[in-house]
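This briefing goes through a single protein model topic by topic, beginning with contacts between charged side chains. Please read it alongside the sequence and the coordinates.

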Amino acid sequence: MIIDICHCFTFLFFFFLFFYFIGRWFRFGRIRGKKVIIVMTGLSMLNAGTTTELLLTLFRVKGVIHYGIAGNADPQLEIGDVTIPRYWAHTGLWNWQRIGDGPDDELALESNGDYTRKIGFLKFSNFSTVDTKTETSVDNLLNNVWYQPEEIFPVDGTPEIRQHVFWIPVDKHYFSLAKKLEGLKLERCLNSTNCLPRAPIAVRVQRSVSANVFVDNKAYREFLQSTFNVTSIDMETAAVALVCLRQKIPFIAIRSLSDLAGGGSALSNEAATFAVLASQNAATALVKFISLL
């Protein structure tokens, strides 16, 4: 049974059976001869995580395929491209450091193993407006936030003994199969006047991230890309990945790029125009991937 969790739900197929439970419709059917269940997560890490938990608790599944749209952090790719990342991380779990402390100062509760300085940090003053008189930037009260790994309690671990994880790998077999999506024909035009500069491509990438933040900020997008070498940025996938890791269920995500996060100019966010096209390309890649299983 193949499971598809999506934020942007598209009615592409006729499903002959519906199951409603705690605010979620689970739709049963077949895609390319494979048995599937489709359920919409809704927005945010909370919705994605709880929906995935429901799915894996209520049904016996062989794997999870999460699909939808995402912001883009890599200027080498274009709107409409479909990305299949190898690793996911949640970049919304922070330890916010007090003013006056810096990289050499231990974080609160770090000695207990609750927090770490190993992953990296964002120094807010690096993004302050430069003083035109002195041509220097000054520190500010926001100081630094340090990125943190998640605590997980795997089903095959010792109860209440935590493990830490930041980069969550997708299933190796699924990722290998995804190479066959390269060369897939994807939509380029919404209509006769709205076309992308080139035909979109499907490509495997190394890293992508999720957090409860809609990133429409160029500076933060560039920080994420340079610090973590990420491609797509969304608000759900890492939560799905964490639940599947804890439950030991094979997982992969397919995310089509709807905009360059923060844009390359002062124009409004491109997702308002190209979200429909990006959603269609994600669904096209999903169907092809299912046919490969």
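In this predicted model, the side chains of lysine 248 and aspartate 156 meet in a salt bridge, with an N to O distance of 4.0 Å. The pair links distant parts of the chain, since lysine 248 belongs to the loop between α4 (237-247) and β15 (251-260) and aspartate 156 to the loop between β10 (150-152) and β11 (163-165), 92 residues apart. Lysine 248 is partly exposed, with a relative accessible area of 45%, whereas aspartate 156 is exposed, with a relative accessible area of 56%.

**Other salt bridges**

- A search of the whole structure finds 10 salt bridges, and one of them joins the side chains of aspartate 81 and arginine 198 at 2.6 Å, N to O.
- Aspartate 81 sits in the loop between β5 (63-72) and β6 (82-90), while arginine 198 sits in the loop between α2 (172-178) and β13 (202-210), so this salt bridge ties together parts that are 117 residues apart in sequence.
- The two partners of that bridge can also be described by their accessibility: aspartate 81 is buried, with a relative accessible area of 0%, and arginine 198 is partly exposed, with a relative accessible area of 27%.
- Glutamate 182 and lysine 179 form a further salt bridge through their side chains, at 3.6 Å from N to O; glutamate 182 counts as partly exposed at 38% relative accessibility, and lysine 179 counts as partly exposed at 45%.
- Asp114, Glu151 and Arg162 are linked to one another in a network of salt bridges.

**Helix α4 and the residue that follows**

- Eight of the 11 residues of α4 are buried, so this helix is largely enclosed by the rest of the structure.
- The buried residues of α4 are Thr237, Ala238, Ala239, Val240, Ala241, Leu242, Val243 and Cys244.
- Lysine 248, the residue already met as the partner of aspartate 156, comes after α4 and has a positive phi, near 60 degrees, which is a positive value in a residue other than glycine.

**The β2-β3 hairpin and the loop after β3**

- Strand β2 (residues 17-21) and strand β3 (residues 24-31) run antiparallel and are joined by five bridges, with tyrosine 20 standing opposite tryptophan 25 in β3.
- The two strands form a hairpin with two residues between them, and isoleucine 22 in the turn has a positive phi of about 45 degrees.
- Arginine 32 has its place in the loop between β3 and β4 (34-40), and its phi is near 50 degrees, a positive value in a residue other than glycine.
- At 55% relative accessibility, arginine 32 counts as exposed.

**Annotated transmembrane regions**

- The unreviewed UniProt entry carries the annotation "transmembrane region" for residues 7-26 and 38-59, and such annotations may be inferred rather than shown by experiment.
- In the model, the span of residues 38-59 is 64% helix and 14% strand, and its end C-alpha atoms lie 12 Å apart.
- How many bridges join strand β2 (residues 17-21) to strand β3 (residues 24-31)? The model has five bridges between these strands, and the reader may wish to set this pairing beside the annotation for residues 7-26.

**The cavity**

- A search of the whole structure finds one cavity of 30 Å³ or more, and the largest cavity has a volume of about 40 Å³.
- Thr91, Ser210, Ala211, Val213, Val215, Tyr220, Leu224 and Ile233 line the largest cavity.
- By class, this lining comprises six nonpolar residues, two polar residues and no charged residues.

**Lysine 118 and tryptophan 146**

- Lysine 118 is found in the loop between β7 (94-96) and β8 (121-123), where it is exposed, with a relative accessible area of 78%.
- From C-alpha to C-alpha, lysine 118 and tryptophan 146 are 8.8 Å apart in space, while in sequence the two are 28 residues apart.

Definitions and conventions
Residues are numbered from 1 along each chain as its sequence is written. This is a predicted model: local features need pLDDT of at least 70, side-chain atom pairs count only at pLDDT 80 or more; totals for chains, interfaces and linings use all residues. Side-chain values use heavy atoms; hydrogens and water are left out. Helices (H or I, at least four residues) and strands (E, at least two) are DSSP runs, numbered from the N terminus. Two strands pair if DSSP finds at least two bridges between them. On a 1 Å grid over the protein atoms alone, a cavity is a set of points where a 1.4 Å probe fits but cannot get out, and a pocket is an open set with protein on both sides within 12 Å along at least five of seven lines; lining residues have an atom within 4 Å of a point. Grid points are joined across faces, edges and corners, and a volume is the space filled by probe spheres set on the points. Ala, Val, Leu, Ile, Met, Phe, Trp, Tyr, Cys and Pro count as nonpolar, Asp, Glu, Lys and Arg as charged, and the others, Gly among them, as polar. Buried means under 20% relative accessible area, exposed over 50%, partly exposed in between (1.4 Å probe, protein chains only).
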